[in-house]
Amino acid sequence: MILRGFRYKLVPAPEQEALFRQFAGVCRLVYNLALEQRQVWGRSHRIGYIQQAVDLTRLRAEYDWIAAVSQTCQQQALRDLDKAFANFFKGVARYPTSRCKGVNDSFRFQGREVNVKRLNGKWSAVRLPKIGWVKFRDTRPMRGTLKNVTVSVDALGWHISFAREIEHDAAANTRPSVGIDRGVVNTLALSTGEQMSMPRSLEAIEQRKRRVQKVVARRKRGSKRWAKALRRVARLSARISRIRKDWHHKTSLDIACRFGTVVLEDLKINNMTASGRGTMAEPGRNVRQKAGLNRSILNQGWFGFETILAYKLAERGGTLEKVDPAYTSQQCSQCDCIDKRSRESQARFVCIDCGYVEHADTNAALNILRRNTAFMRVEESFGFPMKRELPIGNPRPSGWGRC
Ligand SMILES: [Zn+2]
């Protein structure tokens, strides 16, 4: 069984859009009230979901405008809060915070309350409780059984997402392995020698976004024209993230279909993108350059890619492995020699020990792939005669070009 989301763009009528806003607002209020109740009384009275659902019924009897919104949406908000607290007590999440307007504008129904019908080749409609039939642009067929339905808004409008459970048997993993090096110039370099980059169209949109951000800075804060420019920035950001996500999905699908085991370097993206600013006493050097590098690292969205690739692989019986990234770009994949002089330029790798020439990113990808197989050799004790001890942990860089 796997859970998949199918997301479509909604086209609500103006009065339906007003209802959407009301639903999102009331659900947010219920969530925040319940959070406050737990903060104040939770410890002494052991308040949980059941108790809060009973209180919700009482609240609905008292206020008409709360009762006007579907009860399941409000219960789902309480469930979200319950989950947030459970995660906090497990130690995997921070203490729950209140939901804000403009950030948490969404509400969820249960699958059995919702009907979907096809209108024609391009359009379908969904019937939501207390809202009615809403049209959406049907861009791809759905499969599996419907579990729940979420309506949410971003800078590009209202969207609906159907969460569905799909029966599935993973195929056996018989495909070859591949190592992938993630970089800033080439987003992905495979150990097969292939290179994959984000689409070029992204750069132009990013440039436009920077221009509009300057407009925002020039306008009077809080004015109508300022808000208008801000909305333009939000729309461009949403478009950028959509293009990036699309690329992640397409590329990871391609990789997951062709390879069984994918090896990535275990990157600590938070540490990598730490600010170079330093302190007042010891100001950092090259702060602007570091900030630029951080931006391009974050722009690649490596973490998102990893998550998408992991589930696409799991669906096909493949696995995602991670290895220590230390010195993967300075090590020779043929003779293990580690020297930073081997890295002739950003793109070219020429081993100063054995003279092996390769694209620097491909060489790094080969190292990443080899580190994983080296691990398995040790663990499964195949007894391979290894050329020399492979640097699995943090290898010591040599000063003279030899290991
Ligand atoms: Zn070499």
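This passage describes the secondary structure, the main sheet and selected helix contacts of a predicted model.

The protein chain contains ten helices and 14 strands. Of its 403 residues, 23% count as buried. Among the contacts in the chain with a separation of 6 or more, 65% are made by residues 24 or more positions apart.

Seven of the strands form an open sheet, in which the pairing is antiparallel and the order is β2-β6-β7-β1-β5-β4-β3. Strands β2 (106-110) and β3 (115-118) lie at the edges, each pairing on one side only. From one strand to the next, the twist averages 35 degrees.

At the β2 end of the sheet, the pairing can be followed by residue. Strand β2 pairs with β6 in the antiparallel sense over five bridges. Within this pair, F107 has V151 of β6 as its bridge partner, and Q110 is matched with N148 of β6. Although β2 is an edge strand, four of its five residues are buried, so the strand is largely enclosed by the rest of the structure.

On the other side of β6 in the strand order comes β7. Strand β6 covers residues 145-154 and strand β7 residues 157-166, and the two pair in the antiparallel sense over nine bridges. They are joined by a hairpin through two residues. V153 of the pair stands opposite W158 in β7, while V149 stands opposite F162 in β7. In a regular strand, side chains alternate between the two faces of the sheet.

Helix α1 (residues 14-45) lies across four strands of the sheet, namely β2, β5 (132-137), β6 and β7. Relative to β2, the helix runs at about 90 degrees. Helix α1 therefore lies across both β2 and its pairing partner β6.

Helix α1 also packs with helix α4 (residues 71-90), at an angle of about 40 degrees and with the axes 9 Å apart. The two helices are therefore oblique to each other, and α1 passes α4 in a right-handed crossing. On the α1 side, the contact is made by F23, V26, C27, V30, Y31, A34, L35 and R38. The residues contributed by α4 are C73, Q74, A77, L78, D80, L81 and F85. By class, the contact of α1 with α4 comprises twelve nonpolar residues, one polar residue and two charged residues.

A second helix pair is formed by α5 (residues 201-218) and α6 (residues 224-258), whose axes come within 9 Å and cross at roughly 160 degrees. Helices α5 and α6 are therefore roughly antiparallel to each other. The crossing in which α5 passes α6 is left-handed. From α5, the residues that meet α6 are S201, L202, I205, E206, R208, K209, V212, Q213, V215 and V216. Their counterparts in α6 are W226, A229, L230, R232, V233, L236, S237, R239, I240, I243 and R244. The residues of this contact divide into twelve nonpolar, three polar and six charged.

One residue of the α5 contact, V212, was examined individually. V212 is located in helix α5. When residues up to four places away in sequence are not counted, V212 touches A229, R232, V233 and L236. V212 and L236 are 24 residues apart in sequence, and their C-alpha atoms are 9.2 Å apart in space. With 19 other C-beta atoms within 10 Å, V212 is partly exposed, because a buried residue has 20 or more.

G304 was considered in the same manner. G304 belongs to helix α9 (residues 302-315). Leaving aside residues up to four places away in sequence, G304 touches K245 and H248. G304 and H248 are 56 residues apart along the chain, and a distance of 7.8 Å separates their C-alpha atoms. G304 counts as partly exposed because it has 15 C-beta neighbours inside 10 Å.

How values were computed. Residues are numbered from 1 along each chain as its sequence is written. This is a predicted model: local features need pLDDT of at least 70, side-chain atom pairs count only at pLDDT 80 or more; totals for chains, interfaces and linings use all residues. Two strands pair if DSSP finds at least two bridges between them. Axes are lines fitted to C-alpha atoms, for helices over the stretch in contact, and angles run from 0 to 180 degrees between N-to-C directions. Two residues are in contact if their C-beta atoms, placed from the backbone, lie within 7 Å. Angles under 35 degrees count as roughly parallel, over 145 as roughly antiparallel, 65 to 115 as roughly perpendicular and the rest as oblique. A crossing is left-handed if the near helix is turned anticlockwise from the far one by less than a right angle, and right-handed if clockwise. Ala, Val, Leu, Ile, Met, Phe, Trp, Tyr, Cys and Pro count as nonpolar, Asp, Glu, Lys and Arg as charged, and the others, Gly among them, as polar. A residue is buried if 20 or more other C-beta atoms lie within 10 Å of its own, exposed if 12 or fewer, and partly exposed in between; C-beta atoms are placed from the backbone.
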